[in-house]
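Here is a set of short exercises with worked solutions. Keep the structure open beside you and try each task before reading on.

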Amino acid sequence: MLDKELLESQLSELPLYTYHFISPEELEFSDRIRWICQHECPMYGKSWACPPGVGEVSVCEQKCRSYVNCLMISTITEVNDISDLEETLATRAPHEKITNEVRDLMRQQGVNPYILSTEACAVCERCAFLDGLPCRLPGKMHPCVESHGINILGLLDDLGLSFQYGENVVTWFSLLFYN
């Protein structure tokens with residue numbers, strides 16, 4: 001069983017912008033979010049971390065709601081020019097590192113979370129999805145939040161948080177589901 005006080009003490013040592021313990025029931029799942037993946041993301045259909053590899057939104061929702069708890073973490077990073085996609089995406093790796101640190105803290109307590117984060121997965125040079133093979137490293141791959149149809153903006157509204165913290169500030173989120 002997760003000792004939340006211990007974890008919160010450890011989280012306070014990390015460069016997180018914010019974190020919140022929530023119930024998966026608080027999350028809004030929407031096919032509209034998936035539509036954005038399908039029509040605007042170049043990774044659609046190229047990775048097990050992205051649709052359609054993650055399954056239908058209803059399957060993703062069922063998986064997330066099969067957990068009792070969820071920890072939402074967020075980091076922010078300032079960039080010189082937010083319209084510079086390369087610079088902006090380069091700030092994703094530090095967030096993923098922190099997400100994995102939080103995962104490791106949870107695992108130290110015997111909790112193995114199901115993680116949604118920012119990535120379309122860049123663990124392998126070529127995703128096995130493209131070859132019709134199962135994921136080679138499922139324990140290292142974190143599907144992105146949007147791939148599951150989660151409207152993160154709705155959650156932020158419910159928590160009284162903002163997505164925009166300044167003109168050139170990038171905000172990243174991860175959700176760690178656990179029992």
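**Exercise 1. Find the helix that holds glutamate 86, and decide whether this residue is buried or exposed.**

Solution. This is a predicted model, and the steps below work on that model.

Step 1: Go to helix α4, which covers residues 85-90; glutamate 86 is found there.

Step 2: Compare its accessibility with the cut-off. Exposed means over 50% relative accessible area. Glutamate 86 has 67% relative accessibility, so it counts as exposed.

Step 3: Look at the charges around it. Glu86 forms a negative surface patch together with Asp81, Asp84 and Glu167.

**Exercise 2. Work out which backbone atoms lie close to polar atoms of the side chain of asparagine 168.**

Solution.

Step 1: Locate the residue. Asparagine 168 sits in the loop between α6 (152-159) and β4 (169-178).

Step 2: Start with an oxygen. The backbone oxygen of asparagine 80 is 3.4 Å from a polar atom of the asparagine 168 side chain.

Step 3: Add a nitrogen. From the backbone nitrogen of isoleucine 82 to a polar atom of that asparagine 168 side chain, the distance is 3.1 Å.

**Exercise 3. Do a similar analysis for asparagine 151: where is it, is it buried or exposed, and which backbone nitrogen does its side chain approach?**

Solution.

Step 1: Asparagine 151 belongs to the loop between β3 (114-116) and α6.

Step 2: Buried means under 20% relative accessible area. With 15% relative accessibility, asparagine 151 is therefore buried.

Step 3: A polar atom of the asparagine 151 side chain lies 3.1 Å from the backbone nitrogen of leucine 153.

**Exercise 4. State how many salt bridges the whole structure has, then examine the one between glutamate 25 and arginine 65.**

Solution.

Step 1: Searching the whole structure gives 6 salt bridges.

Step 2: In the pair of glutamate 25 and arginine 65, the closest N and O atoms are 3.4 Å apart. This pair joins distant parts of the chain, 40 residues apart: glutamate 25 is in the loop between β1 (18-22) and α2 (31-40), while arginine 65 is in helix α3 (residues 57-65).

Step 3: Check the accessibility of both partners. Glutamate 25 has a relative accessible area of 54%, so it is exposed. Arginine 65, at 24%, is partly exposed.

Step 4: Widen the view. A network of salt bridges links Glu25, Glu61 and Arg65.

**Exercise 5. For the salt bridges of arginine 32 with glutamate 28 and of arginine 103 with aspartate 104, give the N to O distances and sort the partners by accessibility.**

Solution.

Step 1: Arginine 32 and glutamate 28 meet through their side chains at 3.4 Å, N to O. Arginine 32 is exposed because its relative accessible area is 56%, and glutamate 28 is partly exposed at 35%.

Step 2: Between the side chains of arginine 103 and aspartate 104, the N to O distance is 3.0 Å. Arginine 103 has 11% relative accessibility and so counts as buried. Aspartate 104, at 33%, is partly exposed.

**Exercise 6. Find the cis peptide bond at proline 52 and describe the setting of this residue.**

Solution.

Step 1: Recall the usual case. Most peptide bonds are trans.

Step 2: Now inspect the bond from proline 51 to proline 52: it is cis, with omega near 0 degrees.

Step 3: Proline 52 is in the loop between α2 and α3, and it is partly exposed, with a relative accessible area of 42%.

**Exercise 7. Compare separation in sequence with separation in space for three pairs of residues, using C-alpha atoms.**

Solution.

Step 1: Proline 52 and leucine 11 are 41 residues apart in sequence and 33 Å apart in space.

Step 2: Tryptophan 35 is part of helix α2, and at 47% relative accessibility it counts as partly exposed. From tryptophan 35 to glutamate 146 there are 111 residues in sequence and 9.9 Å in space.

Step 3: Alanine 49 lies in the loop between α2 and α3, and with 0% relative accessibility it is buried. Its C-alpha atom is separated by 9.4 Å from that of cysteine 127, 78 residues apart along the chain.

Notes:
Residues are numbered from 1 along each chain as its sequence is written. This is a predicted model: local features need pLDDT of at least 70, side-chain atom pairs count only at pLDDT 80 or more; totals for chains, interfaces and linings use all residues. Side-chain values use heavy atoms; hydrogens and water are left out. Patches are made of residues with over 30% relative accessible area and no salt bridge: like charges are joined within 9 Å, nonpolar side chains (Val, Leu, Ile, Met, Phe, Trp, Tyr) within 5 Å. Accessible areas come from the Shrake-Rupley method with a 1.4 Å probe; for residues, only the protein chains shown count as cover. A salt bridge is a side-chain nitrogen of Lys or Arg within 4 Å of a carboxyl oxygen of Asp or Glu. Lys and Arg count as positive and Asp and Glu as negative; His and the chain ends are not counted. The place of a charge is taken as NZ of Lys, CZ of Arg, CG of Asp or CD of Glu. Helices (H or I, at least four residues) and strands (E, at least two) are DSSP runs, numbered from the N terminus. Buried means under 20% relative accessible area, exposed over 50%, partly exposed in between (1.4 Å probe, protein chains only). A polar contact is a pair of N or O atoms within 3.5 Å; within protein, one must be able to donate a hydrogen and the other to accept it, and residues adjacent in sequence count only if both atoms are side-chain atoms.
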